[in-house]
Structures are given as C-alpha cells and as structure tokens.
Amino acid sequence: MSDTPFGFGLPPEEPEDGDNGKKKGGQGGSQGPADPFGFGGGSGGADNPFAALFGGMGGPGGEMNPGDLGAAFQKLGQMLSYEGGPVNWDMAKDIARQTVAQGAEDGSKDASLSPGERSAVEEAVRLADLWLDGVTSLPSGSASVVAWSRAEWVEETLPVWKDLVNPLAERVGAAMGDVLPGEMQAMAGPLLGMMRSMGGAMFGTQIGQALGVLASEVVGSTDIGLPLGPAGKAALLPGNITSFGAGLGVPEDEVRLYLALREAAHQRLFAHVPWLRSHLFGAVEGYARGIKVDTTKLEDVVGQIDPQHPEELQNALQQGMFQPEDTPEQKAALARLETALALVEGWVDAVVHAAAKPHLPSADKLRETLRRRRASGGPAEQTFSTLIGLQLRPRRLRDASRLWASLTDARGLEGRDGLWEHPDMLPTAADLDDPDGFVHHEQPDFSELDKMLGEAASGGKPDAGKQPPEGEGPDAAPGEGKGDGDR
C-alpha cells in the first residue's frame, strides 16, 4: 500500500533539464523553507503541490514581477473559490498538461505527430486485427484507430480518471466537513468551504502531476488493464513506443506491432464482453466504499487551525491522516478486482502470444518484457496507488495465461472465449490454484434445468409441449379418438 494512498504526498521534485539533479532555483538538493502556496523563489516552492500552480513564473533568480504576482493571486483565488466536485479537475488537467510540456525524465519531449506516425499506427492495428482473427472467436472491437501525443492521452483519458477517483475523493471531502459538530459547522461555513476547496485543489494537483508523468510512459489506452479511452477507439502513443523499445535490440516496427496486438486484443474483449467494464469499475468503487477515514487526527488539526499558517493543514494531510483500514468490503473488492485483472491480462497475454509467435521473431522477448513490467509494478500501478491507495497489479498473470492456453487446447477458441459470456462462468481465484481441475472438469448439464423451465412456462404440465395424437386435439369432433368403452 502506498505511503500516501490518497495522493496528498509531496510531489517529486523535477530536475531542471536533467542537470545532475539540480533543482529549480539553482539550489541543488537543499531544502528551502516551507512555502505552501509556491510563491517563494527558493526550492521550497517546489516542495508542495501548490508549486505546480505557479511553476515557471518569475525571473532566473526566482523573483516575481508584478504581472506574475497578479496571475499567481488570480490562480490562488480560483483555487479557493472552487465549488465543484471533490477534485478540481480543471486544475488537474492544466497541471498534467504543464507536466507533459516539461518533458519526461529521459529527456524526451512531447510533440505533434506526423502523418507518417499516424499512418504507421493505423497500419499496425489493422494488421494486428488480421492476425487476431485466427486466434480468437471475438471479432474486432476497434471501430477507429488513432495515434495520440502525450497531451492527447491526458485529454482523452481524463473522463475515465474522474470515474475512478471521484468516489474516494468524495469520502475524503465529506470527512473534512463532518469532523466539526453540527452547531459549529454553521458558524464555520467559510472555513469549511476553504477546506473543501483546498482539498479539491490538493487532489487535483497531485492527480495532475501523476497523470502528466504517466503520460510519458504509457504506450496505449489499456496499459493498466482498464479501458481508459473512449469505447471502440484503439490508440497508441508513437513517441512512448520508441522509448519503450529503446535498448531492447528489437526493430521498432516489431515493437509497434506487438503493442498494437495487445491494444487490439483489449479492445475486442471490452467491446464484446459488455459486463466487463462495469465489473472492473464496480470493484474499484467497491474498494472506495470500504475505506474508513480516520478522523481522529483531522479533528485535532481542525481544532487547532491557525488561519495565519494554512500550511499546517497541508502538513497534516501528508502524515497518513487518511490511511485506509482493511475492511471486509475492501478485501472482497480487492480480491474480485485482482482476479478479474489477472483474467483479462492473462487472456490478452495468451491470445497475443498465439498471434505474434508465427510472425514476429522477437515475440518471446517482448512478451517477457511486458510480463515483468506488469508483475513488478510499473508506472501505471504506482500512479494508481498514489491516487486512490489501490494497486492494480495482476499478481497471477502467468497462472491466468497458462489457464487460458490450456483451455484453448482442451475446448478450442469458441469454448475458451465463451466463458466471457457471464462473470459466473469465469475461473475463480481457486481455479487459478488448480487450472487443470478447471480445464478438465465436466461441463454442467443444463438439460434438466431447461426441462423444468419449459414446464414452468407451460403451466407445470410435463407434456404440454408435445403435439396431441391425431383425433385428440382441442378441435376434434365429439367422440373422435375415444375407445368404445369411453362412449
């Protein structure tokens, strides 16, 4: 579990142009005085979330001219007057875009994509879909194919991040307002409003910085096993694909094709398993509902807030005030989510390997690279853990992949893919422990159940569905079909 599960931790300091770790302001690695609103010219301004609001303002020495100061106070006013939901998503988007514009740790910069890059992505996904046709019974799920820059990834995935993060942020925001007795809440209205605005700003700032960093590392819209982009839109990030393949010794067109196979396979699954998206997102929301906010520290802090030192609230929020408890609801939701993620990623892994192996010489190498990236906890997992205190690691990816491959051998493509028709048909965590038992167990016989349902539908008469013998139907003339003894 992350040490700052709700995203209130200090953001990492950003090196300036990779200059041996020198921090902005020329202070090296030294820590300046606390400056919660980021107005200072020293390094302290970079040590808190609000620094991101005012980054880039001021001269080389950190001084701020009157125009910059006015803009900074305008931003601060907008932050404190925010009356939207639990997260200031406008701020999150702005900061994510700023973080993307600053470039990645490896020195790469975001740039507009060329027509050649866009056409290469389109061709790769089209070819990937052609290869997948032979290894899965699920048809293509890519209604369109796009190439995204990092900034476009931020814009396109933000709606889904809202769905994922808002439930938890709402609980935290409610806790911040509920710690005061009812009679005091009416008197402390302005203070509570400021606290909620600051909470929304802190969430927005941390999320924006995290998404900005993540945008420099993801290669498509389904990297974390969840569909982050618009439905039916397969997307790849050419710049990040180049960075991903650096040092692997694999031709870039092979890397692009392998990643296109993964993106296209995810799209098929989410397009043709209609319950899967809500199943995964419901598990995340169930986890958020199970979180119990520890208000003891919050009550102490609220009772001692000094309006002249607003940084005290920021410091308190960084000290584990909202560490979640392990409730039964959380454990159940987490187990459900981890198993579902393993099954999704395992199916994609098995299907993509079957499609790539005959065509790509580096298929095994690329497969192992991606497996290790997911199993060891890549940037997506770290970001999500920071945002909502939840790790999205498919811990049993290899087990799930072996199970799907065995199902292919035992039941064929349609028998394997048919298990996605309903969540109750999927393997469970226990089945991952005993994949052979699941693969080779007898299929349930539904004939008796079908017979009972048919009888119930016909009014409980076992022979109601049969045709009557000739001469015994309801339209038979009186006396027809009866023996002499019945006359």
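Helices here are DSSP runs of H or I with at least four residues and strands are E runs of at least two, both numbered from the N terminus. On that count, the protein has 18 helices and 2 strands. This is a predicted model, with local features needing pLDDT of at least 70 and side-chain atom pairs pLDDT 80 or more, while totals for chains, interfaces and linings use all residues. Residues are numbered from 1 along each chain as its sequence is written, and side-chain values use heavy atoms, leaving out hydrogens and water.

**Two helices to look at**
- Helix α8 (residues 252-272) has 21 residues that should span 30 Å at 1.5 Å a residue, and its end C-alpha atoms agree, at 30 Å apart; the expected span is 1.5 Å times one less than the number of residues.
- Since 16 of its 21 residues are buried, α8 is largely enclosed by the rest of the structure (buried means under 20% relative accessible area, with a 1.4 Å probe and protein chains only).
- Helix α15 (residues 397-417) also has 21 residues, but its ends sit only 17 Å apart by C-alpha atoms, short of the 30 Å of a straight helix.
- α15 bends by about 120° at R411, taken as the angle between axes fitted to the seven residues ending there and the seven starting there.

**Core and contacts**
- W153 and W420 touch the most other members of the largest nonpolar core, which has 88 residues (buried Ala, Val, Leu, Ile, Met, Phe, Trp, Tyr and Cys joined through side-chain atoms within 4.5 Å).
- Helix α12 (residues 328-356) gives the most to this core, 13 residues.
- Beyond neighbours within four places in sequence, W153 has contacts (heavy atoms within 4.5 Å) including W148, W161 and L211.

Note on methods:
Buried < 20%, exposed > 50% of the residue type's maximum accessible area, 1.4 Å probe, protein only.
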